[in-house]
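Trainee: Before I plan around this model, I would like a careful look at chain B by itself. Please take me through how confident the prediction is there and how its helices and strands are put together.

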Amino acid sequence: MMTLLRPRMHPLLAFSLATALVTLVSFTPAFAADVKVSITNFKFDPEVVTAAVGDKVIFTNADDTIHSVVGDDGSFHSDGLDTNDTYTYTVTKAGTIAYHCGLHPFMKGQIVVK
Amino acid sequence: MSHHHDDDEKGNGLNRRHALECMIWAGTGIVWTLSGGVPKALNLLSEAQAAEAVTSGFTFLQISDSHIGFDKEAKVTARDTLGEAIDKVKALTMKPDFMIHTGDITHLSKADQFDDAQKMIGSVGVDVHYVPGEHDMVDADQGKAYLDRFGKDTWGQGWYSFDQNGVHFIGLNNVTNLKAGGLGNLGAEQLAWLEKDLANRSASTPIVVFAHIPLWTIYEQWGWGTDDSAQAMALLKRFGSVTVLNGHIHQIVQKVEGNMTFHTARSTAFPQPAPGTAPAPGPMIVPAEQLRGMLGITSVNYVVGVKDLALTDSTLA
């Protein structure tokens with residue numbers, strides 16, 4: 001299907017690629033935001049956050065004991081976070097990123113990336 | 001109240017030594033009851049003196065959850081209270097033959113925390129057999145700090161076994177790669193090793209299994225159990241005497257099921273709430289004068305021919 005359409009789509013594709021490039025270069029950094037998640041009373045708060053590619057999700061441990069942030073797919077993990085320690089995860093792709101605490105795996109959270 | 005079974009596997013019955021041990025233990029008031037009631041905390045010294053009269057067998061000590069680096073309790077740090085626990089051990093008239101540490105040696109897996117703990121615990125001057133807690137595996141490489149130090153002569157992620165006076169000891173790791181929503185985890189590789197480790201042993205070999213997270217489910221909502229412990233227990237079932245020693249929950253919980261005795265030790269650092277009595281299983285910050293009554297160590301006495309090991313919990317108070 002792509003092969004069939006390609007000759008006709010080619011100029012459009014080139015246009016959208018150019019647009020995407022412009023968006024990436026000039027707009028994404030301006031919109032990159034910090035998304036905050038607090039770790040309080042053995043819960044990620046909020047448990048589900050929404051973010052965009054380029055955003056930073058900043059986890060702060062507000063508990064008396066340590067926690068960590070570990071991707072369910074094993075692709076990222078923080079060190080142990082003591083009280084008031086932070087861990088920053090930079091969003092690089094769209095989709096839902098599920099994570100948990102490596103010490104207390106009943107603590108779960110999600111980053112929904114648009 | 002007797003810790004004996006009429007069907008004593010070795011068929012010793014109530015011989016003279018047997019009776020003597022019963023007397024000694026009854027005299028100190030510390031018998032492991034089959035109903036699984038909480039043992040009375042008593043002076044370790046009197047227990048140790050009693051043990052001294054026993055001519056065979058051995059004693060070892062369990063230390064757990066020392067959390068070196070934790071400093072949220074009023075007036076004392078985890079280092080202070082571990083120091084007090086070690087002083088108690090050194091004051092025993094009879095030195096334990098060795099010690100086991102059931103994990104959470106450190107709070108944050110930092111080199112200086114491991115150094116401190118090892119130096120303090122090592123100052124007793126006996127062998128110490130460690131297993132990791134989840135707090136010992138939160139370094140950047142998720143376990144390298146622990147394994148570099150304690151992984152020598154172990155299998156996989158730090159599991160191993162050894163024998164002492166005919167008792168087979170098995171140290172397990174159930175804190176690596178905990179899965180979202182799950183409990184403690186042994187994993188297929190470790191279970192396969194365990195099966196092999198037990199394969200050619202006689203069912204009359206007394207077995208002691210130690211690991212950080214309880215190997216039976218105490219409170220699932222707080223992760224106080226091990227997902228695949230049933231598979232380990234199935235392998236251990238044929239043995240006549242199995243003692244399972246854990247930490248992690250910073251309080252004593254015990255259970256007897258058939259030939260298996262399960263017991264969790266106190267922490268030397270901070271107490272945690274009883275299951276479900278708080279919104280979360282975080283450290284209990286208690287008034288300084290109450291703290292030492294909630295911290296402690298466990299002494300285990302094994303006597304040849306007596307099926308059940310005698311466990312004594314004593315506090316730092």
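Mentor: Over residues 49-54 of chain B the pLDDT (the predictor's confidence in each residue, from 0 to 100) stays under 50, and the model has 14 contacts beyond four places in sequence for them, a contact meaning C-beta atoms, placed from the backbone, within 7 Å. This is a predicted model, in which local features need pLDDT of at least 70 and side-chain atom pairs count only at pLDDT 80 or more, while totals for chains, interfaces and linings use all residues. Residues are numbered from 1 along each chain as its sequence is written, with chains lettered from A and ligands numbered from 1 in the order in which they are written.

Chain B as a whole has a mean pLDDT of 85, with 82% of its residues at 70 or more. Residues 1-45 of chain B, however, have a pLDDT below 50, although this stretch makes 72 contacts in the model beyond near neighbours in sequence.

Turning to the strands (DSSP runs of E, at least two residues, numbered from the N terminus like the helices, which are runs of H or I of at least four), one open sheet of chain B has 5 of them, in the order β3-β2-β1-β10-β11 and with mixed pairing, where pairing takes at least two DSSP bridges. Because β3 (127-130) and β11 (310-315) of chain B each have a single partner strand, they stand at the edges, and one side of each lacks a neighbour in the sheet. Strand β2 (residues 98-101) of chain B runs parallel to β3(B) and is joined to β3(B) by 4 bridges; Ile100(B) has His129(B) as its bridge partner in β3(B).

A further open sheet of chain B, also with mixed pairing, has 6 strands in the order β4-β5-β6-β7-β9-β8. At its edges are β4 (160-164) and β8 (254-257) of chain B, each pairing on one side only. Within this chain, β6 (residues 207-210) and β7 (residues 242-246) run parallel and are joined by 4 bridges, with Ile207(B) opposite Val242(B) in β7(B).

As for the helices, α6 (residues 188-199) and α7 (residues 229-236) of chain B pack with axes 10 Å apart, at an angle of about 10 degrees, the axes being lines fitted to C-alpha atoms over the stretch in contact and angles running from 0 to 180 degrees between N-to-C directions. That angle makes α6(B) roughly parallel to α7(B), a term for angles under 35 degrees. Leu191(B), Leu194(B), Glu195(B) and Leu198(B) of α6(B) make the contact with Gln231(B), Ala232(B) and Leu235(B) of α7(B).

Conventions. Contact = placed C-beta atoms within 7 Å. Parallel < 35°, antiparallel > 145°, perpendicular 65-115°, else oblique.
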